[in-house]
Amino acid sequence: MSGITCPACHASNVMRQRMVHDGGTSTVTTSTTGVGGAVTGGGITPGLFAASSSGQQQSALAKKCAPPEKEPVVSVFVVAAIILFFGLLVMESGGVVRIWVTLGLAGFCVFGAITGLVQNRTEYPAKLVAYERRWICLTCGHAWERETPGAVPLPTL
Ligand SMILES: [Zn+2]
């Protein structure tokens, strides 16, 4: 391949994890045609069945080599908004405790979302850069990070 060998078993059957992931994930439509038989009262009734399914198929190896995921920020904000919305409906009927519980829960969600946002801006780019450097050995499964010439620059935000 590219002269790169596995540091564990020295096999040259190595790939970038990004390549493994992209190559192992495909959107496919499969169709199955088969012949089946049903025994009905002394005779056999032949039948033809067809089935088709589609969706994203990912090999186990591709899953293992998946890129890092971002923290869920938008969905957490949505949860906070829902809590506030229903909390405000409750507020009309009074109840100081309920108001504080509502504000507390919504505040907690907003805090979580902001934490996620900060992590996505600070930690995620580094994780992604580290991921782009990750290689995997297809012989022994050893995974490691490797400095690549012309490495992927830090994504600018
Ligand atoms: Zn190996």
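Let me begin with His-10, which is exposed, with 11 other C-beta atoms within 10 Å. The model before us is a predicted one, and this residue is a convenient entry point to it.

His-10 lies in the segment before strand S1, which spans 14-16. Its backbone deserves a remark: although His-10 is not a glycine, it has a positive phi of about 65°.

From there, allow me to turn to the chain as a whole. It contains 4 helices and 5 strands. Read along the sequence, these elements follow the pattern β-α-β-β-α-α-α-β-β. As to burial, 10% of the 157 residues count as buried. His-10 is not among them, because a residue needs 20 or more other C-beta atoms within 10 Å to count as buried, and His-10 has 11.

What share of the contacts between residues at least 6 apart in sequence joins residues at least 24 apart? The figure for this chain is 64%.

My second residue is Met-19, which is found in helix H1, residues 17-24. Is Met-19 buried or exposed? Met-19 is exposed, because 12 other C-beta atoms lie within 10 Å, and the exposed class takes in residues with 12 or fewer.

Met-19 also gives us a pair of positions from separate parts of the sequence. Its partner in this comparison is Glu-132, 113 residues away along the chain. The C-alpha atoms of Met-19 and Glu-132 are separated by 9.6 Å.

To close, we have looked at two exposed residues, His-10 and Met-19, the former in the segment before strand S1 and the latter in helix H1. Thank you.

How values were computed. Residues are numbered from 1 along each chain as its sequence is written. This is a predicted model: local features need pLDDT of at least 70, side-chain atom pairs count only at pLDDT 80 or more; totals for chains, interfaces and linings use all residues. Helices (H or I, at least four residues) and strands (E, at least two) are DSSP runs, numbered from the N terminus. Two residues are in contact if their C-beta atoms, placed from the backbone, lie within 7 Å.
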